[in-house]
Amino acid sequence: MTLQLYNYIDYISCGDENIPSKPHPDNIFNICDKLNIETKSTIVVGDTLHDITMSKNADCKLSVGISGGAGSYDDLINNADLVINDLNKLPKILEKYAYA
């Protein structure tokens, strides 16, 4: 199954890059700088508290927690702006919030 997310993703960063680890916000700052965008227009999707905290530390527009991954549901529900348990819901969320 393909989620067809290519239209929504401008950049992907991996943990092997030479930047401080999550939840430090430098990763998001670096990506936003490369794309010439503000963090306040950025949506971060992640499955751990570190992902969500990194998003909050960078003052991003929206943090979306994906339950069922490496993180705990309680951490996500208590910290993320939105939590979904089905990746098939992600395109609709991105469509709703990306241009809002």
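**Sheet.** I began with the strands of this predicted model and found an open sheet of 3 strands, paired in parallel and ordered E1-E2-E3. I noted E1 and E3 as the edge strands, since each of them pairs on one side only. For the twist, I looked up the angle between neighbouring strands of this sheet, which comes to 20° on average when direction is ignored.

**E1 against E2.** I then went through the pairing of E1 with E2, which runs in the parallel sense over 4 bridges. Within this pairing I looked up Ile43, whose bridge partner in E2 is Leu62. I also checked what lies on the sheet here: helix H2, residues 49–57, packs on the sheet and touches E1 and E2, and its direction makes about 180° with that of E2.

**Helix H4.** Next I turned to helix H4, which spans residues 90–98, and asked myself which of its residues are buried. I listed Leu90, Pro91, Ile93 and Leu94, taking buried to mean under 20% relative accessible area. Looking down the axis of H4, I saw that its buried residues fall within an arc of 160°, so they line one face of the helix. I set beside this the general point that an α-helix has 3.6 residues a turn, so residues three or four places apart point the same way. On the other side of H4 I found Lys92 and Lys96, both exposed.

**Cover of H4.** Finally I asked what covers the buried residues of H4. My list of the cover includes strand E1 (43–46), strand E2 (62–66) and strand E3 (82–84), the strands that I had already entered in the order E1-E2-E3 for the open sheet.

Conventions
Residues are numbered from 1 along each chain as its sequence is written. This is a predicted model: local features need pLDDT of at least 70, side-chain atom pairs count only at pLDDT 80 or more; totals for chains, interfaces and linings use all residues. Side-chain values use heavy atoms; hydrogens and water are left out. Buried means under 20% relative accessible area, exposed over 50%, partly exposed in between (1.4 Å probe, protein chains only). Helices (H or I, at least four residues) and strands (E, at least two) are DSSP runs, numbered from the N terminus. The arc is that of the directions from the helix axis to the C-beta atoms. Contact means heavy atoms within 4.5 Å. Two strands pair if DSSP finds at least two bridges between them. Axes are lines fitted to C-alpha atoms, for helices over the stretch in contact, and angles run from 0 to 180 degrees between N-to-C directions.
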